[in-house]
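Biologist: Could you take me through this one and tell me how each label was earned? I'd like the reasoning, not just the verdicts.

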Amino acid sequence: MTKGKDVRVTVILECTSCIQKDINKEKTSTGISRYITQKNRHNTANRLELRKFCPYCYKHTIHGEIKK
């Protein structure tokens, strides 16, 4: 028996401060910090936001869920 939709889904978290500062255009940085994690679709219906360490900002920042 197969389920139509899985309860746990894989999501990508991206640093919000790197996007705001447009850090990709600087010569010293090479990209945007991204993390891959899972969330329970039933418990967390809206977009996930977590504080994670950003190696490009060198501090803990808010990482928000993005579309795949």
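Modeller: What follows is a run of questions about labels and the values behind them.

Modeller: One thing up front: this is a predicted model. Its chain has one helix and four strands, and along the sequence they follow the pattern β-α-β-β-β.

Biologist: Let's begin with cysteines. How many disulfides does the rule give?

Modeller: The count comes to zero disulfides. Cys-15 is in none, and the nearest cysteine sulfur, that of Cys-18, is 3.6 Å away. A disulfide needs two cysteine sulfur atoms within 2.5 Å, so that pair doesn't make the cut.

Biologist: What keeps Cys-18 from being called bonded?

Modeller: Its closest cysteine sulfur is in Cys-57, 3.4 Å away. The cut-off is 2.5 Å, so the sulfur of Cys-18 is too far for a bond.

Biologist: And why does that distance settle things?

Modeller: Because a disulfide is a covalent bond between the sulfur atoms of two cysteines.

Biologist: Are these cysteines buried or exposed, and how do you know?

Modeller: Buried means under 20% relative accessible area. Cys-15 comes out at 0%, so it counts as buried. Cys-18 is at 1%, so buried fits there too.

Biologist: Why is Ser-17 called buried?

Modeller: Its relative accessible area is 15%, which is under 20%, so Ser-17 is buried. Ser-17 lies in helix α1, residues 16-21. Leaving aside neighbours within four places in sequence, it is in contact with Cys-57 and Thr-61.

Biologist: What makes Ile-32 partly exposed?

Modeller: Ile-32 has 25% relative accessibility, and the label covers values between 20% and 50%, so partly exposed is the right call. Ile-32 sits in the loop between α1 and β2, the strand at 34-40. Its C-alpha atom is 9.3 Å from that of Cys-57, with their positions 25 residues apart along the chain.

Biologist: Why does Tyr-58 count as exposed?

Modeller: Exposed means over 50%, and Tyr-58 has 68% relative accessibility, so it qualifies. Tyr-58 is in the loop between β3 (49-54) and β4 (59-66). Its phi is near 60°, a positive value in a residue other than glycine.

Biologist: Which label does Arg-34 get, and why?

Modeller: Arg-34 is at 54%, over the 50% line, so it counts as exposed. This residue is found in strand β2. Not counting residues up to four places away in sequence, Arg-34 touches Ile-12, Leu-13, Glu-14 and Ile-66.

Biologist: What makes the Arg-34 and Glu-14 pair a polar contact?

Modeller: Their side chains meet at 2.5 Å. The limit for a pair of N or O atoms is 3.5 Å, so the distance passes.

Biologist: Now His-63. Is it buried or exposed, and on what grounds?

Modeller: His-63 has a relative accessible area of 0%; the cut-off is under 20%, so it's buried. It is found in strand β4. Beyond four places in sequence, its contacts include Glu-14, Cys-15, Tyr-35 and Lys-52. The C-alpha atoms of His-63 and Glu-14 are separated by 4.9 Å, though the two are 49 residues apart along the chain. A polar atom of the His-63 side chain also lies 3.2 Å from the backbone oxygen of Thr-61.

Biologist: What about Asn-40, which residues does it touch?

Modeller: Not counting residues up to four places away in sequence, Asn-40 touches Val-7 and Arg-8. Asn-40 is in strand β2, and its side chain reaches the backbone nitrogen of His-42 at 3.0 Å.

Biologist: How do you know that a charge sits over the ring of Tyr-35?

Modeller: The charged end of Lys-52 is 4.9 Å from the centre of that ring. The distance limit is 6 Å, so that part of the test is met. As for aromatic pairs, a search of the whole structure finds zero.

Biologist: And for the chain as a whole, how much is buried?

Modeller: Buried residues make up 29% of the 68 residues. The accessible surface comes to about 5,400 Å², with 50% of that belonging to carbon and sulfur atoms. Among contacts between residues at least 6 apart in sequence, 53% join residues at least 24 apart.

Key
Residues numbered from 1 in each chain as written. Predicted model: local features only at pLDDT ≥ 70, side-chain atom pairs only at ≥ 80, totals over all residues. Heavy atoms only, no water. Helix = DSSP H or I, 4+ residues; strand = E, 2+ residues; numbered from the N terminus. Buried < 20%, exposed > 50% of the residue type's maximum accessible area, 1.4 Å probe, protein only. Contact = heavy atoms within 4.5 Å. Phe/Tyr/Trp six-rings, centres within 6.5 Å; stacked < 30°, edge-to-face > 60°. Lys NZ or Arg CZ within 6 Å of the ring centre and 35° of its normal. Areas by Shrake-Rupley, 256 points an atom, 1.4 Å probe, with all protein chains shown as cover. Polar contact = N/O pair within 3.5 Å; in protein donor to acceptor, adjacent residues only side chain to side chain.
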